[in-house]
Amino acid sequence: MWVAAGCGWRRREWGVSFLVVADDAARPGAVVVVAVSDQGAPGDRTVVDARELPALVAAREQDRPRWVWDDTDRWYPPLLAAGSRVERAYDLRLCHAILRRSATCDRSGLALAPAGLWDEARRQEHALPELTLFDDPASAATPTAGADGDGGGANLGGVLDDVARLDGKLDVVDELAAQLAAVAGSRAPGRLRLLLAAESTGALIAAEMHHDGMPWSVDVHDALLTRALGARPVHGGRPPRLDELAAQVRAALGNPSVNVDSPPELLRALRSAGLDVATTRTGELREQTHPVVAPLLAYKKLARLLSANGWSWMQAWVHEGRFRPQYVPGGVVTGRWATNGGGALQLPASVRAAVRADPGWKLVVADAAQLEPRVLAAMSGDAAMAAAGRHADLYQGVVDAGIVDTRAEAKYAMLGAIYGATTGPSAVLMPQLTRAFPRAVALVEDAARAGERGEVVSTWLGRSSPLPGAAWQEVVARAEGELARPDDVRAARGRRRDWGRFTRNFVVQGTAAEWALCWMAALRRRLLALDGRPHLIFFLHDEVMVHAPAAAADDVAAAIVAAAAEAGRLLFGDGPVDFALDVSVVDSYDQAS
DNA sequence: AAGTTCCGCGCC
DNA sequence: AGGGCGCGGAACTT
C-alpha cells in the first residue's frame, strides 16, 4: 500500500515503497501513479488528471515514499512551481546510465540488453508534459490522439508523435523492475543503492536550486563591471577601459591597425615586434619582457570578464534578483555535475561579490579541504595518508610527516599522483610519495595500468568508466599488427598512457563526486528540519552554498559539518579519514574564505 | 549564411 | 605534453 517504512537509503536498503509516476499512455493528459514494492512488484494504481498531481504528491509525501519517474527535470519543476516538494526520488534515466555501465552488475539483463530509449539523452520535446501538466487536458488530447493514427488535424510538426511513441515504449514500471533486479544481482548492491539514491537526490537538489536561484545583485555586479571596464557602452561597442588598453597594446607594438581580438593577427604582430612566442596565451606572454605585455595581459583579463560575465551575461541569466543555472547531474563521465548555460560552474572569483544574501539572510559557504587526496586515502585504506589528513590542511600534514619540505611540494606531488604527472616538478616527487603512501599510490597506479590495457575501472560506489572509443582501439590494434611501424607503436603507447591518466583520475574524481553527492543529500535532509527554510543554492564539485535566515546560519553551518561526517561514514564506514571543511557565514560570496 | 571546430580562459 | 568540464568568439568549413 502507500505506507512507507524504514529510514531509507542510509540503511543501504531501499526500505521504502516506490511510487512510480508516468504519463498514462491510454489517456492523454492523465498521469498514472503505481505503488511498487521493494522487489519491483506493482500494486495499487491510481490515475489522476495531470493538474491534480501536485496535490496527490503533497498528500502522499507524508508517507515518505520514493517517487520514481523517468526524468527528474521533466516531473519535478512543475511540482516545485505548484509548491510540492518531495523528500526522496528515483531518477530512472540517471540510474539506468549508471547500471548499464557498472562493472558490478555487468551480467544483468539491463546491462546485456541492446541500447534502447532509456539510453538516449532526454530530448527537448520529451519535456512537453511540462506544458500539458497544467494545461487543459482536453486540448492536449487532440494532437496526441492524432499521433495514434486517427488523423487529428493540427499537430506540432511531429513533436507530439514522438512523445506518444516514447510514452508507449518507455514502460517505467518494467524499467524499475529491471533496475532493481540489476542491483539485487550486483556484486556490491549496498554501494550501488547508495549511489543510485545519492544520484537521484542530486537530481532533486539540482531542480530545487534552479527553482530557488542564487540571490544575485545586479547593482553590485554593474558597479563592479563599471569600475573594471568603464561605463557600459550604449550599443555594444568596447567599454572605455578596454579601448584604452587596446590602444596601448597597438602603440607598444608599433602597429596601429592590429585587431587585438584576433589571435592569429595578434600573434603575427607580437612576433614582428620581436616577442618570442608561439601562441598568444597568457602564460607564454608573462615570460616575455616587453612593454606590450602589461597592457595586453590587462586587456585579455578584462575582455574575458566582459564576454563571459559582463552586462550581456547579466541580462541573459539574472532575473528578478536570481541567477538560475541549469545543472546537469551526472553530466560528466566521472559523475560530476555539468551545467547548461550561464557557466555556473566557472563563476569567476571576480564577480562573486554579486552573489549577496537577501536582507536578513546569510550565505553559508563550505568547501571540502583537499577532498580528492582524502578520498584517495579512504579508498586505499592508506593509514599514513589518513594520518596526514588528520591535519585540517592535509598538505601541511604531509609536510609535518617529513615527506616533503613545503606545502607547495605536497600539493604538487599529491595532485601529480592523482592526475598522472609524468614530468615536471610534481613527477620528481613521486618516489617520495610512493615510499610514504604506498597503498594510495598503488591504487591510482593500478587504475592507470587498467586504463592502459583498455579495461574498465570503477569508483568506490560502482560507477564504471567507459571503454575507450573505436579510434583508440584502432590505434592500439595497429601497433600490435604484423605491419606495425615505429610510429604506430609510439602512437599506441601515447594513447594507452592518455587513457591511463583518464582512468587514474576517474576513480578518484568519481569517488569524490560520490562523497559530495552524499554530503549534499545528507545536508538537504538536515536543512529540512531547520526553521526558516534554509536551502541549498549552489554546488561546485566540493563546495556548497546555503541561503539561510540569519538566525539559522549557525545551525546550518553545524549541519554542513555533520553532513560531511555522515557522508564519510556512508561511503567508508567508521574509517580513519577526516573530511575537513572550510565553512564561512557571510553576506556575499566573495567574503567566503 | 549557417554550422562546426578550435582557442583560450574560467572553475574544480 | 596532469584529470574533468563550459563558454564566447574567432576561425574554419560547407
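Biologist: In this predicted model, how far is an N or O atom in the side chain of Thr280 from a phosphate oxygen of DNA strand B?

Modeller: The distance between the two is 3.5 Å. A pair of N or O atoms is taken as a polar contact when the atoms lie within 3.5 Å, and there are further pairs to look at here. A polar backbone atom of Ala349 lies 3.3 Å from a phosphate oxygen of DNA strand B, whereas Gln346 places a polar side-chain atom 3.4 Å from a base nitrogen of that strand.

Biologist: Which residues come nearest to DNA strand B, and which part of the strand do they meet?

Modeller: There are 17 residues around DNA strand B, and those that come nearest are Thr282, Lys300, Arg336, Gln346 and Asp542. Of the strand's atoms that come within 4 Å of the protein, 79% belong to sugar and phosphate. The residues of this surface comprise seven charged, five polar and five nonpolar ones, and helix H14, residues 293–309, gives the most to it, with three residues.

Biologist: How should I read the buried residues of a helix, and where do those of H1 lie?

Modeller: An α-helix has 3.6 residues a turn, so residues three or four places apart point the same way. In H1, which covers residues 53–61, the buried residues are Leu53, Pro54, Leu56, Val57 and Glu61. Seen down the axis of H1, these residues fall within an arc of 160°, so they line one face of the helix.

Biologist: What do the buried residues of H1 pack against?

Modeller: Their partners are strands E1 (18–23), E2 (30–36), E3 (42–49), E4 (66–69) and E5 (88–91), together with helix H2 (72–81).

Methods: Residues numbered from 1 in each chain as written. Chains lettered and ligands numbered in written order. Predicted model: local features only at pLDDT ≥ 70, side-chain atom pairs only at ≥ 80, totals over all residues. Heavy atoms only, no water. Near = heavy atom within 4 Å. Polar contact = N/O pair within 3.5 Å; in protein donor to acceptor, adjacent residues only side chain to side chain. Helix = DSSP H or I, 4+ residues; strand = E, 2+ residues; numbered from the N terminus. Nonpolar A, V, L, I, M, F, W, Y, C, P; charged D, E, K, R; others polar. Buried < 20%, exposed > 50% of the residue type's maximum accessible area, 1.4 Å probe, protein only. Arc of directions from axis to C-beta. Contact = heavy atoms within 4.5 Å.
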